[in-house]
Amino acid sequence: MFIINCPYCGERDQSEFSCGGEAHIERPKQPTELSDDQWAEYLFMRKNIKGIQFERWNHAHGCRKWFNVVRDTSNDKIHAIYKMGERPPLK
Amino acid sequence: MLNFNSTIKQKKTYGDIKIEEIEPIIKINLRSKKREFSKKIGKILSILPPTEANTSSGNEGYNLLWLSPDEWLVYSNNKNQSLKEQIDMEDKLFDEISKLNQGAVTNVSDHWIMINFKGNKIYDLLSKSCPFNFNEFKRKKGSVAQTLVNHVDVILHNRDNNELNLFVRRSFSEDLWLWINDSARFM
């Protein structure tokens with residue numbers, strides 16, 4: 001359990017949120033030109049790294065807004081939170 | 001609309017805590033990202049939609065709760081408002097906002113059940129199964145919070161010192177009501 005600082009509502013318990021997986025995955029511009037492997041790569045393959053990961057989160061039981069979180073998956077420490085459409089503060 | 005069929009219809013007192021369902025009152029959900037929206041709401045309801053998170057604005061007739069940066073909930077303070085008055089208000093909002101593509105107006109009167117809590121221990125009661133930190137909420141009159149109580153989504157509105165309104169979806173209301181009553185017995 002940890003606290004997430006929703007960019008709209010403020011600090012809330014993690015149980016109010018749901019994780020939407022890895023962030024900043026771009027949809028291919030011409031999906032019809034991709035092979036099955038390339039499409040599967042876009043659709044299913046995620047990094048799932050141990051360490052700092054860029055994720056999408058949704059304040060499902062609050063304002064219902066999506067935002068991005070930079071989280072260390074090894075210890076749940078949150079390094080940054082930024083709104084959808086904003087540039088990631090860390091690289 | 002307004003064919004109310006409440007699941008609770010009860011009023012309970014447990015020591016210092018008083019719990020009561022307040023109905024029938026009109027509740028309207030508003031959504032918009034347009035600039036003109038605030039002015040129009042101001043003209044119709046004489047209240048401006050709050051832009052600050054977790055706050056509300058209100059007057060004698062209505063309360064306007066912040067739900068998200070582009071979503072608000074209006075509810076009436078007056079249980080005795082006639083059906084005609086309620087429909088007129090909804091029509092006005094609909095004509096000025098939905099019809100002119102300024103946003104969305106949805107009547108959610110039958111969707112939300114409003115339960116009024118009064119007493120010194122209401123926050124202790126809710127804290128039994130709520131992850132929300134009430135420290136700031138209970139100090140500030142008019143505060144709004146959307147959170148979970150006993151795993152059920154709720155909207156909380158701080159009405160006054162030791163008084164709050166809790167909105168719960170109709171389908172979950174009976175379950176939450178039973179939990180509240182069960183927990184309040186031990187306060």
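**Note on the predicted two-chain model**

1. **Two domains in chain B.** The centres of domain 1 of chain B and domain 2 of chain B, taken over C-alpha atoms, are separated by 23 Å. This is a predicted model, so read every value below as computed from a prediction. The domain assignment gives domain 1 two stretches of chain B, 9–24 and 110–187. Domain 2 covers 25–108.

2. **Where the domains touch.** Domain 1 of chain B gives 13 residues to the contact, and domain 2 of chain B gives 13 residues. Which strands build the domain 1 side? β8 (112–118), β9 (144–149) and β10 (152–160) of chain B each supply at least two residues of that side. The largest share comes from β9(B), with 3 residues. By class, this side of domain 1 has 7 nonpolar, 5 polar and 1 charged residues.

3. **Where the chains touch.** The contact between the chains takes 11 residues from chain A and 10 residues from chain B. The chain A side divides into 3 nonpolar, 4 polar and 4 charged residues. For the complex, the predictor gives an ipTM of 0.90 and a pTM of 0.92.

4. **Overall form of chain B.** Chain B has 5 helices and 11 strands. Its C-alpha atoms fill a box of roughly 50 × 35 × 25 Å along the principal axes. What radius of gyration would a compact globule of 187 residues have? The expected value is near 16 Å; chain B has 16 Å, so the two agree. Of the 187 residues, 32% count as buried. Now take the contacts in chain B between residues at least 6 apart in sequence: 57% of them join residues at least 24 apart.

5. **Confidence in chain B.** The mean pLDDT of chain B is 93. In this chain, 97% of the residues reach 70 or more. Which elements mark the two ends of the range? Helix α2 (residues 83–98) of chain B has the lowest mean pLDDT among the elements, 92, and β9(B) has the highest, 97. Keep one general caution in mind. Where pLDDT is low, predicted coordinates should not be read in detail.

6. **A hairpin in chain A.** Strand β5 (residues 66–72) of chain A runs antiparallel to strand β6 (residues 77–83) of chain A, and 6 bridges join them. To find one bridge, start at Val70(A): its partner in β6(A) is Ala80(A). The hairpin has 4 residues between the strands. In this hairpin Asp76(A) takes a positive phi near 60°.

7. **Positive phi elsewhere.** Most residues other than glycine have a negative phi, and most peptide bonds are trans. Check the exceptions, then. Arg64(A) has a positive phi near 60°. Arg64(A) sits in the loop between β4 (52–58) and β5 of chain A. Its C-beta atom has 13 others within 10 Å, so Arg64(A) is partly exposed. In chain B, Lys9(B) has a positive phi near 50°. Lys9(B) lies in the segment before β1 (11–14) of chain B. Is Lys9(B) buried or exposed? Lys9(B) counts as exposed because it has 10 C-beta neighbours inside 10 Å; the cut-off for exposed is 12 or fewer.

8. **A cis peptide bond in chain B.** Which residues does the cis bond join? The pair is Glu23(B) and Pro24(B), with omega about 0°. Glu23(B) belongs to the loop between β2 (17–21) and β3 (27–31) of chain B. Pro24(B) is found in the loop between β2 and β3 of chain B. With 16 C-beta neighbours inside 10 Å, Glu23(B) counts as partly exposed. Glu23(B) and Phe172(B) are 149 residues apart along the chain, and their C-alpha atoms are separated by 16 Å.

9. **Phe17(A) and its contacts.** Phe17(A) lies in the loop between β2 (10–13) and β3 (18–22) of chain A. Which residues does Phe17(A) contact, leaving aside neighbours within four places in sequence? They are Ile4(A), Trp57(A), Asn58(A), His59(A) and Ala60(A). Look at His59(A): 42 residues separate it from Phe17(A) along the chain, yet their C-alpha atoms are 4.5 Å apart. Is Phe17(A) buried or partly exposed? Phe17(A) has 19 C-beta neighbours inside 10 Å, so it counts as partly exposed; buried needs 20 or more.

Notes. Residues are numbered from 1 along each chain as its sequence is written. Chains are lettered from A and ligands numbered from 1 in the order in which they are written. This is a predicted model: local features need pLDDT of at least 70, side-chain atom pairs count only at pLDDT 80 or more; totals for chains, interfaces and linings use all residues. Domain bounds come from an automatic or database domain assignment. Two residues are in contact if their C-beta atoms, placed from the backbone, lie within 7 Å. Ala, Val, Leu, Ile, Met, Phe, Trp, Tyr, Cys and Pro count as nonpolar, Asp, Glu, Lys and Arg as charged, and the others, Gly among them, as polar. The radius of gyration is taken over C-alpha atoms; the globule rule is 2.2 Å times the number of residues to the power 0.38. pLDDT is the predictor's confidence in each residue, from 0 to 100. Two strands pair if DSSP finds at least two bridges between them.
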